[in-house]
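Q: Got a minute to walk through this one with me? I'd like to start with the core and then pick at a few odd residues.

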Amino acid sequence: MEFQKTPGWLDWYDGPSKPRFKVPAGSVDAHCHVFGPGAEFPYAPERKYTPCDASKQQLYALRDHLGFARNVVVQATCHGADNRAMVDALVHSSGKARGVATVKRSVTDDELKAMHDAGVRGVRFNFVKRLVDFTPKDELIEIANRINKLGWHVVIYFEAVDLPELWDFFTALPTTVVVDHMGRPDVNKPVDGPEFELFVKFMREHSNVWSKVSCPERLSVKGPPALNGEQNAYRDVVPFARRIVETFPDRVLWGTDWPHPNLKDHMPDDGLLVDFIPHIAVTAELQQKLLVDNPMRLYWPEES
């Protein structure tokens, strides 16, 4: 089956630099994706975009190049609730990858068990309106209660302006809850302003809530971008991510977000993205928690 990439959509960065920052042994890239390949794993009819192919072999080659040991492969919205590409990546990872799925109410217990056996440990609920269609909250709560029995967690993706209206739903979830990309704060606003303070309050008052401090390339307004050897990229995002890392050091995760879906402005050099980490986790102890201890506790608890 032939798929035409969405116009304006940027391909992932070919030939990323070798990071100057050496990540701790056993580090986990806790947020990345596979796309297709479309000829083998077709994209969902209901998708809002058509990506470039990004295979498991290319993802694991990047893992090795950047110095990481493991991956958490998150189901991409372009595949809908067809998790075959993500599960295939897990099965071929030699135990070095775990996954986060997208499921519908109709998923069977046998299907959930098969995904668990392959390495899936969570489901993702997406509230970014431009990316997905609305799913009733009663359906999501039902799914959360079912996956809770497997010891899975819920990953939530939303934008900062929507947190007030989603607060009651998020705080009713029975599982560990992992927020993608700090709830997409508006970094033009103050780091101690009311919008980001609400997110900090959300984490402070609910000890089951974790956050990924990833995707500065999506959040940054002023840059500079992670290109051309830039060692101080996305400076406007640093105060936000650093605040979360230092306030909640045992509940933060980091990931590349490779292959960076839906970017139209610029495509970051993944090696330089790794060099962003010591700006937000400034001590060896914080880096160890962010990159090794926390993701291992969440995704490989039997080993940690």
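A: Sure. By nonpolar core I mean a set of buried Ala, Val, Leu, Ile, Met, Phe, Trp, Tyr and Cys residues joined through side-chain atoms within 4.5 Å. Keep in mind that this is a predicted model.

Q: OK, how many residues has the largest nonpolar core?
A: It has 98 residues, and those with the most contacts inside it are Phe125, Ile156, Phe170, Met182, Phe199, Val213 and Ile244.

Q: And which helix gives the largest share of this core?
A: Helix 11, residues 284–299, with 7 residues.

Q: What is Ile156 in contact with, leaving aside neighbours within four places in sequence?
A: Its partners include Phe125, Phe127, Phe170 and Phe202, along with Val177, Val178 and Val179.

Q: Switching to helix 5, which residues are buried there?
A: Leu163, Leu166, Trp167, Phe169 and Phe170. Among the elements covering them are strand 4, helix 4, strand 5 and helix 6.

Q: Helix 4, then: where does Glu139 stand on salt bridges?
A: Glu139, which lies in helix 4, is buried but has no salt bridge. The nearest side chain of opposite charge is Arg105, 4.2 Å away, and a salt bridge needs the charged atoms within 4 Å. Beyond its sequence neighbours within four places, Glu139 is in contact with Lys104 and Arg105.

Q: Last one: is Ser220 buried or exposed?
A: Buried, because its relative accessible area is 18% and the cut-off is under 20%. Ser220 sits in the loop between helix 7 and helix 8, and its side chain reaches the backbone nitrogen of Gly223 at 2.8 Å.

Note on methods
Residues are numbered from 1 along each chain as its sequence is written. This is a predicted model: local features need pLDDT of at least 70, side-chain atom pairs count only at pLDDT 80 or more; totals for chains, interfaces and linings use all residues. Side-chain values use heavy atoms; hydrogens and water are left out. Helices (H or I, at least four residues) and strands (E, at least two) are DSSP runs, numbered from the N terminus. Buried means under 20% relative accessible area, exposed over 50%, partly exposed in between (1.4 Å probe, protein chains only). Lys and Arg count as positive and Asp and Glu as negative; His and the chain ends are not counted. Contact means heavy atoms within 4.5 Å. A polar contact is a pair of N or O atoms within 3.5 Å; within protein, one must be able to donate a hydrogen and the other to accept it, and residues adjacent in sequence count only if both atoms are side-chain atoms.
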